[in-house]
Amino acid sequence: GAGLALALYLSIAVSALLLLRRKRAAAVLVYLQTPFRLLLVVPSVYAFFWLTRLTGTPPVALVVLVCLVAEVLKLVSVIRWQGAQA
């Protein structure tokens with residue numbers, strides 16, 4: 001529960017630093033994080049959820065769709081970046 005969520009948030013901070021430094025380990029960490037981000041609903045699109053506070057609660061299907069699309073786009077971008085590094 002809470003321990004897993006805390007570990008995930010810490011790993012997100014670490015992966016962000018690694019990505020900014022263009023380290024290969026960032027890609028591995030992003031791949032490992034993805035299932036947990038989806039399981040714990042820790043989206044890559046915080047701005048979307050911030051906006052929903054202003055406009056009201058969106059339908060659950062929309063939240064799930066936005067999370068899935070964001071994670072897929074993130075994975076595709078990391079895969080492309082990793083391929084360009086090879």
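This is a short dialogue about reading a predicted model of a protein.

Visitor: I am new here, so where do I start? Which helices and strands does the protein have?

Guide: Welcome! A good start is to list the elements and then walk along the chain. This predicted model has four helices and zero strands. Going along the sequence, the pattern reads α-α-α-α.

Visitor: How confident is the prediction, and which element has the lowest mean pLDDT?

Guide: Look at the protein as a whole, then at each element. The mean pLDDT of the protein is 82, with 87% of the residues at 70 or more. Helix α3, residues 46-55, has the lowest mean pLDDT among the elements, at 69. The highest, 88, belongs to helix α2, which covers residues 24-39.

Visitor: What share of the residues count as buried?

Guide: Of the protein's 86 residues, 26% count as buried. You can also look at the surface: the protein exposes about 6000 Å², and carbon and sulfur atoms supply 75% of that area.

Visitor: Could we try one residue? Is serine 11 buried or exposed?

Guide: Happily! Serine 11 counts as buried because its relative accessibility is 17%, and the cut-off for buried is under 20%. This serine sits in helix α1, residues 2-20. Its side chain reaches the backbone oxygen of leucine 8 at 2.8 Å. Leaving aside residues up to four places away in sequence, serine 11 touches Leu29 and Gln33.

Visitor: What about the surface: which residues form the nonpolar patch?

Guide: The patch is made of Leu38, Val60, Val64 and Leu68, and together they have about 350 Å² of accessible area. Helix α4, residues 60-85, gives the most to this patch, with three residues. Take valine 64 as a case: this residue is found in helix α4 and is partly exposed, with a relative accessible area of 44%.

Visitor: Now for charges. Why can side chains of opposite charge pair?

Guide: The general idea is that such side chains can pair when their charged atoms come close. In this protein the count comes to two salt bridges.

Visitor: Which side chain does glutamate 71 meet in helix α2?

Guide: Glutamate 71 meets arginine 37 in a salt bridge, at 3.2 Å from N to O. Glutamate 71 lies in helix α4 and arginine 37 in helix α2, so the pair ties together parts that are 34 residues apart in sequence. Both of these residues are buried.

Visitor: And how are glutamate 71 and lysine 74 placed in helix α4?

Guide: Those two are three residues apart in helix α4, which means that about one helical turn separates them. Their side chains meet in a salt bridge as well, at 2.7 Å from N to O. Lysine 74 is buried, as is glutamate 71. Put the pairs together and you get a network of salt bridges linking Arg37, Glu71 and Lys74.

Visitor: One last thing: how do I read distance along the chain against distance in space?

Guide: Compare the two for a chosen pair. Arginine 24 and valine 78 are 54 residues apart in sequence, and their C-alpha atoms are 10.0 Å apart in space. Arginine 24 has its place in helix α2 and is partly exposed, with a relative accessible area of 44%. For the protein as a whole, take the contacts with a separation of 6 or more: residues 24 or more positions apart account for 66% of them.

Note on methods: Residues numbered from 1 in each chain as written. Predicted model: local features only at pLDDT ≥ 70, side-chain atom pairs only at ≥ 80, totals over all residues. Heavy atoms only, no water. Buried < 20%, exposed > 50% of the residue type's maximum accessible area, 1.4 Å probe, protein only. Polar contact = N/O pair within 3.5 Å; in protein donor to acceptor, adjacent residues only side chain to side chain. Contact = heavy atoms within 4.5 Å. Patch = residues over 30% accessible without salt bridge, like charges linked within 9 Å, V, L, I, M, F, W, Y side chains within 5 Å. Areas by Shrake-Rupley, 256 points an atom, 1.4 Å probe, with all protein chains shown as cover. Salt bridge = Lys/Arg side-chain N within 4 Å of Asp/Glu carboxyl O. pLDDT = per-residue confidence, 0-100.
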